[in-house]
Amino acid sequence: MTNEEEKAFWACAEIEVLRLTGVRNEELLELTHNITQYRLQSTGEVVPLLQIAPSKTDTERLLLVSPELADVLSAIISRLRGPTGAIPLVAAYDVREKVRNPPMPLLFQRGIGSEHRAFTPTALRKLLINALAATGLTNADGEALTFSPHDFRRIFVTDAIMNGLPPHIAQVICGHKSIDTTIGYKAVYPAETIEAHRAFIARRRSARPSEESPHHKW
């Protein structure tokens, strides 16, 4: 694969994960191959959940893995697995907390020479800028369209609420602390969060063409 194809792959992976999860950019950088399972109380069905690492000011949370997200994660994991089938462990510097994290199987890492290194916030921003520049899209003033990773978080919340996800569920999914951030708030249990998020994904997928709704078996 050429260098340009490599950049295109990671740009698409970045955009899709941000769009489908609403995670913060720093959370994206810390995503690992850490998938757990949850058994729905209503049906007994087992669904996959993606762990979002906590920060000093946040708590750990789990996100429901939709079929679309499962396909993206599967492509990333397949790309990173070495001869042993394991994802390389890499150490990354946390620019917000000013610490170097221990080696982990990070999903957003790349091979440079004979070693693997974690993506940096700057590298992800460049991927996004270059991907948008290649589309030739412009805003209402005719200027080149620009997006930051955080814009996809806003898009996720807007899309979720407009498609019927209660604001207090969106708040839990995104890890917001303020009632003002997601319009409303209500005490909620994890089971309610997962069930509501799953129903939202089903509604969104049913309204889109079949070719946009790939199935992935976990």
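This report walks through a sheet, a helix pair and one alanine in a predicted model.

## Ground rules

Local features need pLDDT of at least 70 and side-chain atom pairs count only at pLDDT 80 or more, while totals for chains, interfaces and linings use all residues. Residues are numbered from 1 along each chain as its sequence is written, and side-chain values use heavy atoms, with hydrogens and water left out.

## The sheet

Here 3 strands (DSSP E runs of at least two residues, numbered from the N terminus) make an open antiparallel sheet, ordered 1-2-3. Strand 1 (35–39) and strand 3 (61–64) are the edges, each pairing on one side only. From one strand to the next, the twist averages 45°.

Strands 1 and 2 (the latter residues 46–52) run antiparallel and are joined by 5 bridges; pairing takes at least two DSSP bridges. Across from Val46 in strand 2 you'll find Arg39.

## Helix 1 against helix 5

Helices are DSSP H or I runs of at least four residues. The axes of helix 1 (residues 3–21) and helix 5 (residues 149–162) come within 7 Å and cross at roughly 35°. Those axes are lines fitted to C-alpha atoms over the stretch in contact, with angles running from 0 to 180 degrees between N-to-C directions.

In contact terms (heavy atoms within 4.5 Å), helix 1 brings Glu14, Ile15, Leu18, Arg19, Leu20 and Thr21, and helix 5 brings Pro149, Phe152 and Phe156.

## Ala170

Ala170 sits in helix 6 (residues 167–174). Ala170 counts as buried (under 20% relative accessible area, 1.4 Å probe, protein chains only) because its value is 1%. Its C-alpha atom is 9.1 Å from that of Phe156, 14 residues apart along the chain.

Technical notes
Buried < 20%, exposed > 50% of the residue type's maximum accessible area, 1.4 Å probe, protein only.
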